[in-house]
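Reader: I am new to reading protein models, and I would like to learn how one goes from a picture to careful statements. Could we look at one together, feature by feature?

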Amino acid sequence: MICSLAADFASALPGGGRLAGLDPGTKTIGLATCDAGWSFASPHSTLARTKFSADLEKLRGFVKAERIAGMVIGLPLSMDGSDSPRTQSVRALARNLVVLGLPILLWDERWSTAAVERAMIAEDLSRARRADRVDKLAASWILQGALDALTRLPLDAQAGKLGS
């Protein structure tokens, strides 16, 4: 099930559980996870993209190892909120990930990479260290935004979280 609204996603998670954040790029996919109480997101790793079948198996292993109940995928909308060719690519990825059997939330990720880059520059990280971390940190930023929205839902819409 692919959702674009936090409430629909929450209702698709009747038992709550840990969520994964994905920041899909053309060369890598940044991965993040959160606690089962949906309080905070943490960067996890970066997956180098290859063939989709190999990427799917790596994601399947990640989902199993981390006991992931749902995925939040960053959706790169244009600044005016419209779709772009990159947005269509992410929507296609989400459709292909449905085989994992998890609810998927497409989350507006505008400014996520820029915000993460600014924070790393403020921390005086070298360009090389920023490049190594940006994707998983952006995934964490995306996931945290979704978590904040999920926890602001009325209690009846948070039924999935409350079951954990």
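Reader: How should I read a pair of charged side chains, and what do the side chains of Asp83 and Arg91 form?

Author: The general idea is that side chains of opposite charge can pair when their charged atoms come close. In this model, which is a predicted one, the side chains of Asp83 and Arg91 meet in a salt bridge, with 3.1 Å from N to O. Asp83 has a relative accessibility of 36% and therefore counts as partly exposed, and Arg91 is also placed in the partly exposed class because its relative accessible area is 26%.

Reader: How many salt bridges are there by this rule?

Author: The count comes to 3 salt bridges. One of them joins Glu57 to Arg60, at 3.3 Å from N to O, and these two residues both lie in helix 2, 3 residues apart, which is about one turn of the helix. Glu57 is partly exposed because its relative accessibility is 45%, and Arg60, at 33%, is partly exposed as well.

Reader: Which residue forms a salt bridge with Glu66, and are the two buried or exposed?

Author: Glu66 pairs with Arg18, and the closest N and O atoms are 2.9 Å apart. This pair links distant parts of the chain, since Glu66 belongs to helix 2 (residues 52-66) and Arg18 to strand 2 (residues 18-24), 48 residues apart. Both Glu66 and Arg18 are buried.

Reader: What about a charged residue without such a partner; how far is Glu109 from the nearest side chain of opposite charge?

Author: Here one compares a distance with a cut-off: a salt bridge needs a side-chain nitrogen within 4 Å of a carboxyl oxygen. Glu109 is buried yet has no salt bridge, and the nearest side chain of opposite charge, that of Arg86, is 6.4 Å away. Glu109 sits in the loop between strand 6 (104-108) and helix 4 (112-122). Leaving aside residues up to four places away in sequence, Glu109 touches Asp23, Gly74, Leu75, Pro76 and Ile142.

Reader: Let me turn to the strands: how does one read a sheet, and in what order do the strands stand?

Author: The general idea is that strands of a sheet pair through backbone hydrogen bonds, either parallel or antiparallel. In this structure 6 strands form an open sheet in the order 1-6-5-2-3-4, and the pairing is mixed. Strand 1 (2-3) and strand 4 stand at the edges with a single partner strand each, so one side of each is left without a neighbour in the sheet.

Reader: Which strands pair in the parallel sense?

Author: Strand 1 and strand 6 do so over 2 bridges, and there the partner of Ile2 is Ile104 in strand 6. Strand 5 and strand 6 are parallel over 5 bridges, with Val72 standing opposite Leu105 of strand 6. Strand 2 and strand 5 likewise pair in the parallel sense over 5 bridges, and Leu22 has Ile73 in strand 5 as its bridge partner.

Reader: And how do strand 3 and strand 4 run, parallel or antiparallel?

Author: Strand 3 (residues 28-34) and strand 4 (residues 41-48) run antiparallel and are joined by 7 bridges, and in strand 4 the bridge partner of Leu31 is Ser45. The two strands form a hairpin with 6 residues between them, and in the turn Trp38 has a positive phi of about 60°.

Reader: Which helices should I look for against the sheet, and how many residues of strand 5 are buried?

Author: Helix 3 (residues 85-97) lies across strand 1, strand 2, strand 5 and strand 6, running at about 165° to strand 5. Strand 5 itself is mostly covered, since 7 of its 8 residues are buried. Strand 1 and strand 6, as said, pair over 2 bridges. Helix 2 packs on the sheet too, touching strand 2, strand 3, strand 4 and strand 5 (68-75), and its direction makes about 155° with that of strand 4.

Reader: Finally, how should I read cysteines, and how many disulfides are counted?

Author: In general, a disulfide is a covalent bond between the sulfur atoms of two cysteines. In this model the count comes to 0 disulfides. Cys3 is buried because its relative accessible area is 4%, and Cys34, at 2%, also counts as buried.

Technical notes: Residues are numbered from 1 along each chain as its sequence is written. This is a predicted model: local features need pLDDT of at least 70, side-chain atom pairs count only at pLDDT 80 or more; totals for chains, interfaces and linings use all residues. Side-chain values use heavy atoms; hydrogens and water are left out. Two strands pair if DSSP finds at least two bridges between them. Helices (H or I, at least four residues) and strands (E, at least two) are DSSP runs, numbered from the N terminus. A disulfide is a pair of cysteine sulfur atoms within 2.5 Å. Buried means under 20% relative accessible area, exposed over 50%, partly exposed in between (1.4 Å probe, protein chains only). Lys and Arg count as positive and Asp and Glu as negative; His and the chain ends are not counted. Contact means heavy atoms within 4.5 Å. Axes are lines fitted to C-alpha atoms, for helices over the stretch in contact, and angles run from 0 to 180 degrees between N-to-C directions.
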